[in-house]
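Hi,

Here is the structure I promised to pass on to you. Have a look at it first, and then read on for my notes.

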Amino acid sequence: MELLNYAFMQRALLAAVLVGVTAPAIGTYLVQRRQAVMGDGIGHVAMTGVALGFLLNTSPVWMATLVAVVGAVGMELIRSRGKTSGDIALAMLFYGGLAGGAMIINLAPGGSTANLTSYLFGSITTVSAEDVTAVVILAAFVIAVTLGLRRQLFAICQDEEFARVTGLPVRFLNLLIAVTAAVTVTVAMRIVGLLLVSAMMVIPVAAAQRVTRGFTATLTTAMVIGVLVSLSGTVATYYIDAPSGGTIVLLAIGVFMVMTGVSAPLARRRARAARAAEQICTRDDVKV
């Protein structure tokens, strides 16, 4: 393929694969915890980190990671201690992150809000070799946590009290989920963008839930969908010169709609099979 002859496309496609794997992986746990919009809040906080990177003349990706992790940990601590509601904590992340990023970027030498555009909506042409290195390291961490600790994380997402009784370190695991979500935001921001990263955490999971039964099947299917739409969107962006984030998210929504259409007959088939099995059991009971 012609596009593989360009180094920037090679970097973009690699980053797209990592985004497609990591965002739905952590998103599956967030959906289970009913924290689907958490990625939005963290994404807005990460914007402050990007602006600090420009101001301090350092890597925006690593600075965004640091700030996003601090913000996510702060939000989780506030939520767990019950000092304020999760909605208020998210609102503080939303507006504080946006305001901080807009203010700080204007303090950077030659900086303006235009510098943030590629980070807000994604841009395949701006993915540098340094960005890819950072994304690979951060993605490895996300994959190790979401897959290596899937049983423990699933337990606290289902029932924190039961997980605590069984001896799991619930507070630590809650903080780990928050940190992993923050890291995922910075993994995805160069391809999907900070404003749309939450969509990649949620939509592939929602699409997978339409046709799967069970946590592991949902997790696996969501990751496959994530990779497919990320790669397809990145390739499409090369040919139509559109923002990569918007293209990828629209494709994800399209997959969700297809899955929704497919799920209806599947649900009817399962219902008929369940009724048939119930009738067989009833007849057997009558005979006995």
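**A surface patch and what lies around it**

Tyr 95, Leu 98, Phe 121 and Leu 195 come together as a nonpolar patch on the surface, and their accessible area adds up to about 370 Å². Please keep in mind that this is a predicted model. One member of the patch, Phe 121, sits in helix α5, which covers residues 117-121. With a relative accessibility of 37%, Phe 121 falls in the partly exposed class.

**The overall picture**

The protein has 12 helices and 0 strands. Of its 288 residues, 46% are buried. The accessible surface is about 13600 Å², and carbon and sulfur atoms account for 65% of that. If you look at contacts between residues at least 6 apart in sequence, 76% of them join residues at least 24 apart.

**A buried threonine**

Thr 28 belongs to helix α1, residues 7-32. Is Thr 28 buried or exposed? Its relative accessibility is 2%, so Thr 28 counts as buried. Leaving aside residues up to four places away in sequence, Thr 28 touches Met 201, Val 205, Phe 215, Leu 219 and Ala 222.

**Helix α11 and the rings**

Helix α11 spans residues 215-240, 26 residues in total, and its first and last C-alpha atoms are 36 Å apart, close to the 38 Å expected at 1.5 Å a residue. Just after α11 comes Asp 241, with a positive phi near 55°.

The whole structure holds 6 aromatic pairs. In one of them, the ring centres of Tyr 6 and Tyr 238 are 6.1 Å apart and the planes meet at 45°, so this pair is tilted. Which parts of the chain does the pair tie together? Tyr 6 is in the segment before α1 while Tyr 238 is in helix α11, so the pair ties together parts 232 residues apart in sequence. Both residues are partly exposed: Tyr 6 has a relative accessible area of 36%, and Tyr 238 is at 21%.

Tyr 238 also pairs with Tyr 239: the centres of these rings are 4.9 Å apart and the planes are at 85°, so this pair is edge-to-face. Tyr 239 is exposed, with 52% relative accessible area. Taken together, ring pairs join Tyr 6, Phe 8, Tyr 238 and Tyr 239 into a cluster.

Happy to talk any of this through whenever it suits you.

Best wishes

Note on methods. Residues numbered from 1 in each chain as written. Predicted model: local features only at pLDDT ≥ 70, side-chain atom pairs only at ≥ 80, totals over all residues. Heavy atoms only, no water. Helix = DSSP H or I, 4+ residues; strand = E, 2+ residues; numbered from the N terminus. Buried < 20%, exposed > 50% of the residue type's maximum accessible area, 1.4 Å probe, protein only. Contact = heavy atoms within 4.5 Å. Areas by Shrake-Rupley, 256 points an atom, 1.4 Å probe, with all protein chains shown as cover. Patch = residues over 30% accessible without salt bridge, like charges linked within 9 Å, V, L, I, M, F, W, Y side chains within 5 Å. Salt bridge = Lys/Arg side-chain N within 4 Å of Asp/Glu carboxyl O. Expected span 1.5 Å × (residues − 1). Phe/Tyr/Trp six-rings, centres within 6.5 Å; stacked < 30°, edge-to-face > 60°.
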